[in-house]
Amino acid sequence: MALKPEIEAWLEQRRPDRAEALTLAGVADWDDLAALQDAAARVRDRAHGRLISYSRKVFIPLTQLCRDVCHYCTFAHPPRRGQRAYMTPDEVLAIARAGAEAGCKEALFTLGDKPELRYRVAREELAELGHGTTLSYLRAMALLVFEETGLLPHLNPGVMNEGELAALREVSVSQGIMLESISPRLMKKGACHHGSPDKDPAVRLATIEAAGRLAIPFTTGILIGIGETRVERIEALLALRDLHDQYGHIQEIIVQNFRAKEDTRMAGWPNAPIDELRWSIAAARLIFGPEMHIQAPPNLSPGDSPSLIDAGIDDWGGVSPVTPDHVNPEAPWPHLRQLADDTAKGGKHLVERLAIYPDYAQDAQRWLDPVFAQAVLNRVDAHGLARTDTWSPGIDTAPPTPLTAIATASPNVPELNRLLARAQSGTAWDEGEITRLFAARGGEVDAVCRAADALRQSVNGDRVSYVVVRNINYTNICYFKCQFCAFSKGKLSENLRGRPYDLSLEEISRRAAEAWDRGATEVCMQGGIHPEYTGQTYLDILAAVKAAAPDMHIHAFSPLEVYQGAQTLGLSLPEFLGRLKAAGLGSLPGTAAEVLDEEVRLVLCPDKLSVNQWLEVMEAAHGAGFRTTATIMFGHVDKPIHWARHLLRLRDLQARTGGFTELVPLPFVHMEAPIYLKGRARMGPTYRETLLMHAVARLVLHPHITNIQTSWVKMGRDGIQAALNAGVNDLGGTLMNETITRAAGSEHGQELPPHAMEALIRDLGRTPVQRTTLYGTPPERQVQASFQAAPLADVVNNPARKYERDTDRQPLIRPGLEAAGGD
């Protein structure tokens, strides 16, 4: 099927200009409409792929009085004897609480336009409520609902000026007004908007433009079938596109079809034909391009949902499991399960969003009042979609229903199937392919995890390894200002919670000797970057441990500590690494990586190592003969594209050096993290994202990194078992004294002894294997000792006597600032 040459000239290449867009009005016959829809669907898929979104909401009709008299409306009506003009606060809260209990996240306030300008009863009732205007009362009710229930208000109060919009911006996450039509002739006598001053297109466009100046996420759209022409619909869409191009604030275009309603002046008017609705959706998609969200309410086209997907929508709008559609009471909402099934029939997957769309939620500092910025971040995942469970890393709560139990059958998605089919080959990946794996939803998640598990089986078999290790964090004083860290203390750190300590060499030695006696083969040592520490400090620590436990493997010093140590001694990295090796260092932890992308590090840890500096230290360590781990700390301000870049950088380095022993995904534990407490980070990754991180890492890093570890202090028992079915073959260390994750708020304990570790592994039908740091076999005497370990003696955290810097001390090393050209 082909369209006219003047349409084919730009179709799917770019957005049309005004003259080109107007040619769409001439698409008349069935074949042309089908071709137009096919093109619109392909344009939609470039940005939205398989996802169709919706918002789970409650509908709060604050007042059904309105100064306008639209001829098709049954929502608004004149005052009725014995009926209040406005809902009371208690009535508003009752609806909101019912919605919150049903899992809703949006409170949609819809109301008539400034009824106090027309009706005395409205003015009198507002006065009784303590308000002079409907908008003042709306503001109070929106704030009440948010504070009492946590629902996020979306406000549709009609025409407003800039001051009124600004006042409501403080109590909502989004606002909206339908343009409906750009045709002033619909205001004339006999037309649908006669007698409705607020339906003047110029007035409505002025409201939408004012919202743009105020950076308000805004919803708008057109109402088709009310007497307008196709050309007028196109003109309306172009006017909205112009405003969006200028301000970037229109988050969705609603294409709503007219339905005749009894007891209205347009009761005998024909419903908008389904083909006109599909043409209008396709036109909107092509005019706005791939990124815009195009919505059509599913309850207004029952039975035709798949055809609307074919026409180019990517959103169903708000759907309520609690309240009816008060604007279209004759059209009940579809059940969410039915909506998911209808979406699947259209070849798509249904996902939940908030009232504020993902791109705006992910840039909350720009688009939202600070109070709502934090609330939104608490409710979204890494894609900006709604967080649909309460699981967070480190919290001792059961994870959501296993994904394999709720997933639909793995969909037939050729591009995903092709990616998974090549998993065993070890072929190189690109950013887009990895990001696609992280975007898996529903049955796709299960498919990705199965592919990773099959690869794990072929590489590692059913053996699940762990190491008996003691963590020794020798100081919690740190002069770096990492925004995620709840461990460090000190004058220059982000937080002052708890007592600053600086372990003596005697206490470090005692802990190392005790660990050896309890069967450990490794001590893992890291700490804050104390302003008094130099490279010699780290050499002294190594000497102390080797004196206390000569055969102990020392796995110590983050890349940041190595870099800082070398700088303070005036040594090159290879020279300092040589000294560490001679002093007994066995291997290095690949921490301080966080996410290897400067966009993320600029927010999380701007003064820490840059991406290139971290990679430089790791490559130098590998060149000096050290093996190291690799980590990724994810789920805060990052996005899947950043995760993809991180994995590719690790893969590239490993392909050159072969020095990484394993990857350890570290889900962000948010509870006490400064950046979370400041309202600038998410609540850690979701359960889906956490499982995908392990699974995708297995697939992408194959065959270069063959061990994928999960962190039991962050995942908990149930999370560990799920991860073992998603490509994981290693559970890390027993730890003995874990303090960093615990300081961030984790509730999963400080030690998982060998008998508990092995029972956990056997419960899943796998074979536990105790290992050394470098995946060798530990001495039998140590294995036996680990199962007969005495209780740990109480630790001594030597109080820090000096951690505020004098001006004459050595300069502080801040590699991230140096790399960026800072002071």
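Here are some exercises on this predicted model, each with a worked solution.

**Exercise 1. The chain as a whole**

Task: Work out how many helices and strands the protein chain holds, and how its radius of gyration compares with the globule rule.

Solution: Begin with the secondary structure, which comes to 33 helices and 18 strands. Next, take the radius of gyration, which is 30 Å, close to the 28 Å that the globule rule gives for 823 residues, so the protein chain is as compact as a globular protein of that length. Then look at the extent: along the principal axes, the C-alpha atoms fill a box of roughly 95 × 60 × 50 Å. Burial comes next, and 61% of the 823 residues count as buried. Finish with the contacts between residues at least 6 apart in sequence: 78% of them join residues at least 24 apart.

**Exercise 2. An unusual helix**

Task: Compare the end-to-end distance of helix α29 with that of a straight helix, and find where α29 bends.

Solution: Helix α29 covers residues 712-724, 13 residues in total. At 1.5 Å a residue, a straight helix would reach 18 Å, but the end C-alpha atoms of α29 are only 11 Å apart. Now follow the axis: α29 bends by about 85 degrees at D718. Lastly, check the surroundings. Because 10 of its 13 residues are buried, α29 is largely enclosed by the rest of the structure. Among these buried residues are W712, V713, K714 and M715, together with I720 and L724.

**Exercise 3. A second covered helix**

Task: Decide whether helix α22 is mostly covered or mostly uncovered, and inspect the residue just after it.

Solution: Helix α22 spans residues 559-569, and eight of its 11 residues are buried, under the 20% cut-off for relative accessible area. That makes α22 mostly covered. The buried residues are P559, L560, E561, V562, Y563, Q564, G565 and A566. Step past the end of α22 and you reach G570, with a positive phi of about 70 degrees.

**Exercise 4. A three-stranded sheet**

Task: Give the strand order of the open sheet that contains β10, and name its edge strands.

Solution: The order is β17-β10-β18, and the pairing is parallel. The edge strands are β17 (730-733) and β18 (767-771), each of which pairs on one side only. From one strand to the next, the twist averages 20 degrees. Zoom in on β10 (residues 463-467), which pairs with β17 in the parallel sense over two bridges. Here S465 stands opposite D730 in β17.

**Exercise 5. Backbone exceptions**

Task: Find which peptide bond is cis at P703, and examine the phi angles of K114 and E180.

Solution: First, recall the background: most residues other than glycine have a negative phi, and most peptide bonds are trans. The bond from H702 to P703 is cis, with omega near 0 degrees. P703 lies in the loop between α28 (687-701) and α29.

Now turn to phi. K114 is not a glycine, yet its phi is positive, about 40 degrees. You will find K114 in the loop between β2 (106-110) and α5 (120-129). With 15% relative accessibility, K114 counts as buried.

E180 is not a glycine either, and its phi is also positive, about 70 degrees. The loop holding E180 runs between β4 (174-176) and α8 (201-213). With 9% relative accessibility, E180 counts as buried.

Conventions
Residues numbered from 1 in each chain as written. Predicted model: local features only at pLDDT ≥ 70, side-chain atom pairs only at ≥ 80, totals over all residues. Heavy atoms only, no water. Helix = DSSP H or I, 4+ residues; strand = E, 2+ residues; numbered from the N terminus. Expected span 1.5 Å × (residues − 1). Bend = angle between axes of the 7 residues up to and from the residue. Buried < 20%, exposed > 50% of the residue type's maximum accessible area, 1.4 Å probe, protein only. Pairing = 2+ DSSP bridges. Axes fitted to C-alpha atoms, helices over the stretch in contact; angles between N-to-C directions. Rg over C-alpha atoms; globule rule 2.2 N^0.38 Å. Contact = heavy atoms within 4.5 Å.
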